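Visitor: I have a protein structure open in front of me, and I would like to learn how to read it feature by feature. Could you guide me through it?

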Amino acid sequence: MKIIKSSPLLAMLIGFIIIAAAISTISVEGRKHHVKRIKPKHSRHSKDTPTGSPAPAPYPSTHDGVFDILSFGAKGDGISDDSKALIGAWKAACRVAGGKVEIPAGKEFMVKAVTLQGPCKEETVVQIEGTLVAPTKIGSWPKSSLFQWLNFKWVSHVTIQGSGTLDARGYNWWNLDNYQTQALRFYSSGNVMVRDISIVNSPLCHLKFDDSDGVKINNITISSPENSPNTDGIHLQNTRNVEIQHSNIACGDDCVSIQTGSSNVHIHHISCGPGHGISIGSLGKDETVACVSDIIVEDISIQNTLAGVRIKTWQGGLGVVKNLTFSNIQVTDVQVPIVIDQYYCDKSKCKNQTSAVSISDVKYNNIVGSFTAQPVRIACSNNVPCMDVDLMDIRLRPSGGIRGLQTHQQQHALCWNSYGKTQGPLVPSSIGYCLKKSNIDGYYPKRFIASSHEKLCPL
């Protein structure tokens, strides 16, 4: 009887429980739908990632400040175009203090011509552990790229480093004329470090600096075939305060080429060859003004090259080359180890002109080894002679493979209109008679001609 009497109360209690459960369920579902509604707001960052990138966040990072290009959609299969992924990772790293672009090992990333632009927030690092390859088809290079493959522009405090390789795959370019394709280029940049990486098979120059200040290159490898045309290793143009050290350069042209506007350059502990040696110039082409000063090249090994250490200028040029030192250089099977050529011409015939870039204060000290054509060739302008050229401790002998076949001219140094001093030991002995003494009549009046050129160069 008690159970029957209390049944209305029990029914009411059960009803309240059912209603409360229903309200709770509705509240939970409402919260679920609310979360779904706010998720699309994150899509406002999608414009900062490369088109088609699966990256879920605007700046994906493996840890603080490190941006792996795989997180930006790179495939790393050597076939897919990973250009946008590289640009995306660069932009992300450039925006943060101490940002780093990571190019991981064990993969090959095909990248078309790109410009990675600054300025960045603070120091930025590009860590190359894998391989970057250029497209093989020449038509893949747009004219808007100015035929620069990896072009860094307006960057400061940037380091390119790692055990990886930049393969510009330039072999399809080497049979063409009139192209200007560089592999790795820095334009209007400062405080740049390039170290440890390898750069191979550039269509033209492997590593180029234009209008830059503060460059350090350490422990890099540059390699292209001996017969690849115009494949300079390192090219400096209007660039100051440079150190190049502990590197191996083998190419089809100059291992290091120093052009107008460059000063305070120190090159040491370099292995060069094959190639054309280490060159100042060519300078003064088409009657232009050239200015180069304060260059030190020392502790160098040069083998199987066209020249050893060389200065080359065009007739008709103006300006000044001064204060150069070449010392402690070992040459092996080099055609002409010491060259000053003020009649440089890359054609079968060039127009004779009287003006010339002035060359002065050039010191050669402890240049030793073997040559295959001639030990010394110094050919200076009739009107603007080379002045204060020193030849000290020069010991150069014919290579073993040509001993006994040397002509009289090949055995002797050739010097024309150059003034300075010599100091033994000197081998061959003809080097001792190569330079005119500075007290010869007419020397000081011609110095005035050279000094007038200095006004053209704010060195």
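Guide: We shall go through confidence, the sheet, the spaces inside and at the surface, and a few points of the backbone.

Visitor: Before I look at any shape, what should I know about the average pLDDT of the chain?

Guide: The model is a predicted one, and where pLDDT is low, the predicted coordinates should not be read in detail. In this chain the average pLDDT is 84, and 79% of the residues score at least 70. Over residues 1-59, however, the pLDDT is below 50, and beyond near neighbours in sequence this stretch has 21 contacts in the model. The pLDDT is also below 50 over residues 440-445, a stretch with 6 contacts beyond near neighbours in sequence.

Visitor: How many strands are in the open sheet, and in what order do they lie?

Guide: Strands of a sheet pair through backbone hydrogen bonds, either parallel or antiparallel. Here the open sheet has 11 strands with parallel pairing, and their order is β5-β8-β11-β14-β17-β19-β21-β23-β25-β27-β29. At its edges are β5 (114-117) and β29 (414-416), each of which pairs on one side only. On average, neighbouring strands of this sheet are turned by 15° against each other, if direction is ignored.

Visitor: Which helix packs on the sheet, and which strands does it touch?

Guide: Helix α2, residues 83-94, packs there and touches both β5 and β8 (148-153), while its direction makes about 5° with that of β5.

Visitor: I would also like to see one pair of strands in detail, so how many bridges join β14 to β17?

Guide: Strand β14 (residues 207-210) and strand β17 (residues 234-237) run parallel and are joined by 4 bridges. Within this pair you can look for Phe209, which stands opposite Leu236 in β17.

Visitor: Turning to enclosed space, how many cavities of 30 Å³ or more does a search of the whole structure find?

Guide: The search finds 1 cavity of that volume or more, and the space in the largest cavity is about 70 Å³. To read a cavity, ask which residues line it; among them here are Leu86, Ile103, Leu116, Phe152 and Leu184. Both β6 (124-128) and β8 supply at least two residues each to this lining. By class, the lining of the largest cavity has 11 nonpolar residues, with no polar and no charged ones.

Visitor: And for the largest pocket, how much space lies in it?

Guide: About 1000 Å³ of space lies in the largest pocket. It is lined by 34 residues, of which Asn230, His235, Asp253, Ser282 and Asp346 are the closest to its centre. Two or more lining residues come from each of β17, β21 (278-283), β22 (289-303) and β23 (307-313), and the largest share, 3 residues, comes from β21. The lining of this pocket divides into 11 nonpolar, 14 polar and 9 charged residues.

Visitor: Finally, where in the backbone are the peptide bonds that are cis?

Guide: The bond from Gly273 to Pro274 is cis, with omega near 0°, and Pro274 has its place in the loop between β20 (262-272) and β21. Likewise, the bond from Val427 to Pro428 is cis, with omega near 0°, and Pro428 lies in the loop between β30 (418-427) and α4 (443-454).

Visitor: Which residue has a positive phi although it is not a glycine?

Guide: That residue is His269, with a phi of about 55°, and you will find His269 in strand β20.

Notes:
Residues numbered from 1 in each chain as written. Predicted model: local features only at pLDDT ≥ 70, side-chain atom pairs only at ≥ 80, totals over all residues. Heavy atoms only, no water. pLDDT = per-residue confidence, 0-100. Contact = heavy atoms within 4.5 Å. Pairing = 2+ DSSP bridges. Axes fitted to C-alpha atoms, helices over the stretch in contact; angles between N-to-C directions. 1 Å grid on protein atoms, 1.4 Å probe; cavity = no way out; pocket = protein on both sides within 12 Å on 5 of 7 lines; lining within 4 Å. Points joined across faces, edges and corners; volume = space filled by probe spheres on them. Nonpolar A, V, L, I, M, F, W, Y, C, P; charged D, E, K, R; others polar.
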